Amino acid sequence: MESGWLLWGLPLALLLALLLELSPRLKFRAKVASYCALCLLASTLTAPVCLLCHGGRTVHNMRQMCLILCPAHRIIKNVVRSFKYLYGLRFDVKGLEHFEVEGPCVIVSNHQSVLDMMGLMEVLPDRCVQIGKRELLYFGSVGLIMYLGGVIFINRKSTSNAKSVMSGVGQAMTKDNVKVWIYPEGTRNGNGDLLPFKKGAFHLAIQTQVPVIPVVYSSFNTFYNPEKNLFTSGRIQVEVLPPIPTCGLTATDVTDLSDRCYTAMRETFFRLSGTTGRVNGSTPGFAQ
């Protein structure tokens with residue numbers, strides 16, 4: 001019986017390895033599939049731990065860990081951070097001291113790919129929740145772990161729903177003293193530039209009179225590019241920029257605040273990525 005498995009299993013394994021080596025597209029899809037499967041597996045294993053430790057949905061689940069093999073350490077954060085070693089990714093982080101603000105704040109960052117979760121967990125501050133699209137809630141155990149971690153889901157197709165949720169977020173921020181992490185581009189964008197920002201995060205910051213803290217990740221394009229079937233090891237530069245105060249600002253200042261954040265983040269993005277400025281959608285130029 002064992003010899004039969006070896007007789008058929010070994011050639012199949014060799015054939016699969018050969019196909020992966022010869023087909024960049026197949027290799028890319030297999031690697032992305034393995035990452036998604038890993039996320040599902042990790043979520044399935046950590047969800048019961050979150051329930052046992054904190055009894056349900058709470059922001060503490062994003063930072064705590066009570067696994068049998070590693071009691072009293074962090075749950076979701078440490079699990080996701082370990083993924084980088086499997087995929088050969090390294091994060092160089094600068095400016096974490098800017099998270100040390102008193103009270104709540106709105107954190108805004110660029111959004112590039114499904115790999116962003118690893119980058120998020122590298123710098124996630126205490127008592128911080130994320131805003132995510134409602135569709136993520138239905139991604140099996142991944143949606144469950146996001147729910148347990150306190151992620152706030154909004155229906156992007158319903159303006160009234162989004163405004164209602166954001167209004168509730170503002171009240172919860174000040175009441176529970178939490179930070180809120182938002183991707184102002186509104187969707188993933190891997191074109192080597194930043195998309196124009198949506199205004200929700202900046203309305204929220206001014207409404208609650210809390211500072212905005214921009215976080216910028218360098219471009220993933222040198223190691224992750226679906227158009228080129230590229231998914232290799234790489235190094236990501238991350239920079240947390242100084243807080244931008246909103247005290248005294250009103251609704252009429254939302255556009256100016258958004259533009260200020262966009263300009264600062266875009267300039268930082270190009271600097272960290274080693275690329276020159278560009279118009280969205282065109283081919284970026286690399287700095288000499």
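A salt bridge here is a side-chain nitrogen of Lys or Arg within 4 Å of a carboxyl oxygen of Asp or Glu. Keep that cut-off handy for the tour. The model is predicted, so to speak in its own terms: local features need pLDDT of at least 70, side-chain atom pairs count only at pLDDT 80 or more, and totals for chains, interfaces and linings use all residues. Residues are numbered from 1 along each chain as its sequence is written, and side-chain values use heavy atoms, with hydrogens and water left out.

**Stop 1: D193 and R266.** Select these two and show their side chains: they meet in a salt bridge, 2.8 Å from N to O. D193 sits in the loop between β7 (179–182) and α8 (200–208), while R266 belongs to helix α9 (residues 254–273), 73 residues apart. Helices (H or I, at least four residues) and strands (E, at least two) are DSSP runs, numbered from the N terminus. Are D193 and R266 buried or exposed? Both are buried, where buried means under 20% relative accessible area, exposed over 50% and partly exposed in between (1.4 Å probe, protein chains only).

**Stop 2: R271 and E239.** Stay on helix α9 and pick R271, then add E239 in strand β11, 32 residues apart from it. Their closest N and O atoms are 3.1 Å apart, which makes a salt bridge. The two ends differ in label: R271 counts as partly exposed because its relative accessibility is 49%, and E239 counts as buried because its value is 11%.

**Stop 3: D92 and R235.** Still on strand β11, select R235 and its partner D92 in strand β3, 143 residues apart. This salt bridge has its closest N and O atoms 2.9 Å apart. D92 has a relative accessible area of 26%, so D92 is partly exposed.

**Stop 4: a small group.** Now select R81, K84 and E122, which are linked in a network of salt bridges. A search of the whole structure finds five salt bridges.

**Stop 5: the nonpolar cores.** A nonpolar core is a set of buried Ala, Val, Leu, Ile, Met, Phe, Trp, Tyr and Cys residues joined through side-chain atoms within 4.5 Å. Start from L115 and W181, the residues with the most contacts inside the largest core, which has 33 residues. Elements that each supply at least two residues of this core include α2 (24–54), α3 (76–81) and β8 (212–217). The largest share, five residues, comes from α2. Finish with M173, I206, Y262 and F270, which are among the 32 residues of another core lying apart from that one.
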